[in-house]
Every structure is written in C-alpha cells, then in structure tokens.
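Here is a small set of exercises to work through with the model open beside you. Try each task before you read its solution.

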Amino acid sequence: ALRADPRCSGIPVIMTTPAQDGACRRAAFLAGADVVLARPLDEAMLLARVRGLLRAAARRTELCPAGSEATFGLAEHGAGAFEGPGRIAVIAPTLAEAVSWRQRIEASPGHGVQAHAAVGALDALSRATPELVLIVPGQGSSGGAAALRLLSDLQSRAETRTCGVLMIEPPQGGIVGVTALDLGLGDLIEPDVSDTGLALRV
C-alpha cells in the first residue's frame, strides 16, 4: 500500500521477519521493503540501517531535487527506462569463491558478471568499472578487516566511488557489518541467501 501511494512511495521501509524465514524475507523485498531484518533485532544493526537509509535518501534528493524531472525534461516515473545488462563485479578472497558467487548471480539472466580475487581486484575494476560490486569477506577477524579496507578503497577511488556495493554478511557479523554500513555499504546479504533472494538483491 505504501509503495502504491505516490505520496509515500519514496519513504524508506524497514520490515522485520521471523528468523530463518527465507520465504518471508523474499516476500518482503518483493513488496518493496528497502531493508528486511530478522527478529530479534540487534539494536546496533537497526540503527546502522536507519542511518544508511537516511544517507541514501539525502543523496537521492541532492541528485534529483523535487521537480527536477520536469525542469530538465526527463521522463516521468513509469515512462520506461533505457536499461541494458547490469555490470556486476564479485570480489572474494580467492578466485574460486568469486566464481562460485558469480555462477549463482548468472543463474538469473540479465547481468554481466566478472569474478575477481581480492588481490589485484581494484586494478581490474579501474579498467572495467562495474555498476555494482559484491564483496565476499574471508574468514576470521582478518577477513572482516580486509573487507572493510576494500570497501573504503572502493569509496575513495574516482573510478568506483559511484558504484553500488553489497557485502555478504561476514561470519563474525556484528561490528563488521555495522561498520560497513556506516562506511556507505548499500546492503548486507545473509550468507545462506537463496538464489532467488540473491537475484532480488542485485
């Protein structure tokens, strides 16, 4: 109902679902939720999600102020879009891990997906800039720290700072996920996400 109402369609929506209920999560995203969190809620994660949604809303307002579509002669909502295959880069600790996630994304057609090992990935992305980057963290605290450094590098480089960035929720979760969201991460994806759920997120 909120998404169908033009007065409310731009309001960010957070929905909560029972833990381990993948079908409910998929239904929530299909209904238009921006963020779906499993109960019981983690307060730090909830606040990080709220901060992220507020930043994203502020960026949209800066890029497209109210009335700017008419001012610049752009098409109105619903008039169609000039869309081609999405360019996605998957970065994981090893090339084999990146290829595994690439294959899962390619199960849903419509995207061009490149797989990269973390070492050398930034140089590769500077030569062929994607629209979206999926970071797959490694194990342990060092893996989480490496994922955060990679996110910071992506945000600081001219070639990639406008890319959308998603991250598979690191095994250690908690503080790494919260920190990543505060650094500008677009979304955290649960590691046991189904192929259908992954397709909805990318």
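Buried residues, meaning those under 20% relative accessible area (exposed is over 50%, partly exposed in between, with a 1.4 Å probe and protein chains only), make up 34% of the 202 residues in the chain. This is a predicted model, so local features need pLDDT of at least 70 and side-chain atom pairs count only at pLDDT 80 or more, while totals for chains, interfaces and linings use all residues. Residues are numbered from 1 along each chain as its sequence is written, and side-chain values use heavy atoms, with hydrogens and water left out.

**Exercise 1. The overall fold**

Work out how many helices and strands the chain has.

*Solution.* Begin with the DSSP runs, numbered from the N terminus: helices are H or I with at least four residues, strands are E with at least two. The chain comes to eight helices and seven strands. Next, take contacts, that is, heavy atoms within 4.5 Å. Among contacts between residues at least 6 apart in sequence, 58% join residues at least 24 apart.

**Exercise 2. Two packed helices**

Find the angle at which α6 and α7 pack, and how far apart their axes are.

*Solution.* Step one is to fit lines to the C-alpha atoms over the stretch in contact, with angles running from 0 to 180 degrees between N-to-C directions. Helix α6 (residues 140–156) and α7 then pack at an angle of about 0°, and their axes are 10 Å apart. Step two is to classify: angles under 35 degrees count as roughly parallel, over 145 as roughly antiparallel, 65 to 115 as roughly perpendicular and the rest as oblique. The two helices, α6 and α7, are therefore roughly parallel to each other.

Step three is to list the partners. From α6, Gly 144, Leu 148 and Leu 151 meet Val 176, Thr 179 and Ala 180 of α7. These contact residues divide into four nonpolar, two polar and no charged, where Ala, Val, Leu, Ile, Met, Phe, Trp, Tyr, Cys and Pro count as nonpolar, Asp, Glu, Lys and Arg as charged, and the others, Gly among them, as polar. Finally, Val 176 and Ala 180 are among the buried residues of α7.

**Exercise 3. Buried or exposed?**

Decide whether Thr 17 is buried or exposed, then do likewise for Ile 168 and Gly 186.

*Solution.* Take Thr 17, in strand β1 (residues 14–18). Its relative accessibility is 1%, so Thr 17 counts as buried. Not counting residues up to four places away in sequence, Thr 17 touches Cys 24, Arg 25, Val 36, Leu 37, Ala 38 and Arg 39.

Now move to Ile 168 in strand β6 (residues 164–168). At 3% relative accessibility, Ile 168 is buried. Leaving aside neighbours within four places in sequence, its contacts include Trp 101, Val 136 and Ile 189.

Last comes Gly 186, in the loop between α7 and β7. Because its relative accessibility is 53%, Gly 186 counts as exposed. Beyond its neighbours within four places in sequence, Gly 186 is in contact with Val 165 and Leu 166. The C-alpha atoms of Gly 186 and Leu 166 are 5.5 Å apart, although 20 residues separate the two in sequence.

**Exercise 4. Backbone details**

Identify which peptide bond next to Pro 40 is cis.

*Solution.* First recall that most residues other than glycine have a negative phi, and most peptide bonds are trans. The bond from Arg 39 to Pro 40 is cis, with omega near 0°. Pro 40 itself lies in the loop between β2 and α2. As a second check on the backbone, Gly 184, just after α7, takes a positive phi of about 110°.
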